[in-house]
Amino acid sequence: MTLAAKFKQQDVTRAVKGAKAAGMRVGRVEIDPNGRIVILSESVAPASEPNPWDTVLG
């Protein structure tokens with residue numbers, strides 16, 4: 001016998017739509033074994049901040 005799912009696709013869709021409506025740039029969605037949905041934002045480095053590795057590798 002299989003267990004019932006802890007979450008549904010509809011739950012994930014609602015969470016992502018809500019995050020996007022709040023202005024978040026969604027990078028990844030994680031769902032833990034208990035069914036908790038975690039939305040991680042897309043990390044974007046500011047263009048004005050130089051990458052320290054540019055001087056090392058340059």
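Arg 25 and Glu 42 form a salt bridge, with their closest N and O atoms 2.7 Å apart; the term stands for a side-chain nitrogen of Lys or Arg within 4 Å of a carboxyl oxygen of Asp or Glu. This pair links distant parts of the chain, 17 residues apart: Arg 25 sits in the loop between H1 and E1, and Glu 42 in the loop between E2 and helix H2 (52–57). Helices (H or I, at least four residues) and strands (E, at least two) are DSSP runs, numbered from the N terminus.

A word on the model: it is predicted, so local features need pLDDT of at least 70 and side-chain atom pairs count only at pLDDT 80 or more, while totals for chains, interfaces and linings use all residues. Residues are numbered from 1 along each chain as its sequence is written, and side-chain values use heavy atoms, with hydrogens and water left out.

The structure holds three salt bridges, set out here:

| Basic residue | Acidic residue | Closest N and O atoms |
|---|---|---|
| Arg 25 | Glu 42 | 2.7 Å |
| Arg 28 | Glu 30 | 2.8 Å |
| Arg 36 | Asp 32 | 3.4 Å |

How open are these partners? Buried means under 20% relative accessible area, exposed over 50%, and partly exposed in between (1.4 Å probe, protein chains only). Arg 25 is exposed because its relative accessible area is 51%, whereas Glu 42, at 37%, is partly exposed. Arg 28 at 48% and Glu 30 at 34% are each partly exposed. Asp 32 is partly exposed at 25%, and Arg 36 is exposed at 54%.

Now to helix H1 (9–21). Its 13 residues should span 18 Å at 1.5 Å a residue, and the end C-alpha atoms are indeed 18 Å apart; the expected span is 1.5 Å times one less than the number of residues. Val 12, Val 16 and Ala 19 are buried in H1. Seen down the helix axis, the buried residues fall within an arc of 60°, so they line one face; the arc is that of the directions from the axis to the C-beta atoms. Their cover includes strand E1 (26–31) and strand E2 (37–41), where contact means heavy atoms within 4.5 Å. The face turned away from the buried side carries the exposed residues Arg 14, Lys 17 and Ala 21. After H1 comes Gly 23, with a positive phi near 95°.

Finally, Phe 7 lies in the segment before H1 and is partly exposed, at 31% relative accessibility.
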